[in-house]
Amino acid sequence: MLLLLSQVISDFDMTLTKFAHKGKRVPTTHNILNNKLLIDDDSTVKMKELFNTYYPIEIDASLNPEEKLPYMVEWWTKVHDLLIQQRIRKDEMARAVRESNAVLREGCSAFFDCLAEQRVPLLIFSAGVGDILEEVIRQNHVFHPNVHIISNYMDFDHTGVLQAFKGQLIHSYNKRAGALSHGATLRELHGQPNVLLLGDSLGDLSMADGVSTAQNILTVGFLNDQVEERKESFLNSFDIVLLRDETMDVPNAILRFIVSSEISKVHREK
Ligand SMILES: Nc1ccn([C@@H]2O[C@H](COP(=O)(O)O)[C@@H](O)[C@H]2O)c(=O)n1
C-alpha cells in the first residue's frame, strides 16, 4: 500500500469514461440503457428528449448548484420511472453494454491496474447506474478487488425485471449528502489522509466530504464541455484542470510520481 496516497475517489461518466470518441459522444451509464434491446421506440425518443432538456441545465455556467438541483431531481426521477415502466431485464444488460460505444479514457486500464497493484482503494462515486457501471468495468477487465462503488443501483424482482431503484437517489449535485451518508464506507477505506479526487463537475468536489480525516485532497477536474463558459469556475475550484483531454495521462503521471518517490524513499532508508 502507498503511504503517500491512501485513496482515490473518482466520478465515472465522462471522468473515467471518455466524453467523445471518434467524433461521437460516448454514452453515459443511463444512455447505455437507451437501447431498443431494453426499451421501446417511444421511450428511446423520450429519453433523448429528456437528455436534451436537462443536460444543458446540468452544465449551465450561469446557474448555481442550488438552482440546478430541482431540475436534476426531475431528470433522474423521470428517467428512472420510465426505465421501471419499461420493465428492463437484468439478463439483457451485459449485451446492451457490449453493443454500446462506452469507452474508458485512454490510459484508464493502466490507472486501474496500478491502483490495484499498489493496493490503493479506488472509490467510484457515480450518479449514473451502478449495475451498468459495474458491467462496463467488468467488460474492460478492470473490476479489481480494490474497487468500491457508490451509485444508483437497480432492484430486480425474482424474475429479473426492474421494479425500483435502491436507496437514496444520487444525482450530480447531491454527492455531498451521499458522501456523508456513506461516511462509514469512506472512513473504512481510508488509512492515511491523502486523497486524489477526479471529477468532471463542480458537484464532484463534495465526493470526499465523508472522509472526515482527509487532510490533503488533490483535485483534478476534466472540463469536457462548455469549456470557455466554465473555465473560470473550474480553475477556481479544482487544483488541476484538464481541458478537452480524453486521456488519463495526468492522473497516471501523478501515480507514477508517487510510486517512484516511495521506491526511492525505501532505497534511501536501506
Ligand atoms: N438520465 C440521465 C441522468 C444523468 N445522466 C448523466 O450521467 C452523469 C452521471 O454520472 P456521474 O458518473 O458523472 O456521476 C451526469 O453527469 C449526467 O450528465 C444521463 O446521461 N442521463
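In this predicted model, strands β6 (residues 154-156) and β7 (residues 162-165) run antiparallel and are held together by three bridges. Across that pairing, F156 sits opposite L162 of β7. The two strands make up a hairpin, with five residues between β6 and β7. One of the turn residues, G160, takes a positive phi of about 85 degrees.

Then there is the open sheet, built from six strands that pair in parallel and follow the order β5-β4-β1-β8-β9-β10. Its edges are taken by β5 (147-152) and β10; each has a single partner strand, so one side of each has no neighbour in the sheet. Going from one strand to the next, the twist averages 15 degrees. Within this sheet, β8 (residues 194-199) and β9 (residues 216-223) run parallel and are joined by six bridges. N194 finds its bridge partner in N216 of β9. Packed on the sheet is helix α5 (residues 108-117), which touches β1 (7-10), β4 (122-129), β5 and β8. The direction of α5 makes about 135 degrees with that of β4.

Just past the edge strand, the loop between β10 (240-243) and α10 (249-269) carries D245. What does this buried residue have for a salt bridge? None, as it turns out: the nearest side chain of opposite charge belongs to R105 and is 5.1 Å away, whereas a salt bridge calls for a side-chain nitrogen within 4 Å of a carboxyl oxygen. D245 is nonetheless in contact with R105, and also with F222, once neighbours within four places in sequence are set aside. F222 itself falls in the stretch assigned to β9 (residues 216-223).

Definitions and conventions: Residues are numbered from 1 along each chain as its sequence is written. This is a predicted model: local features need pLDDT of at least 70, side-chain atom pairs count only at pLDDT 80 or more; totals for chains, interfaces and linings use all residues. Side-chain values use heavy atoms; hydrogens and water are left out. Helices (H or I, at least four residues) and strands (E, at least two) are DSSP runs, numbered from the N terminus. Buried means under 20% relative accessible area, exposed over 50%, partly exposed in between (1.4 Å probe, protein chains only). Lys and Arg count as positive and Asp and Glu as negative; His and the chain ends are not counted. Contact means heavy atoms within 4.5 Å. Two strands pair if DSSP finds at least two bridges between them. Axes are lines fitted to C-alpha atoms, for helices over the stretch in contact, and angles run from 0 to 180 degrees between N-to-C directions.
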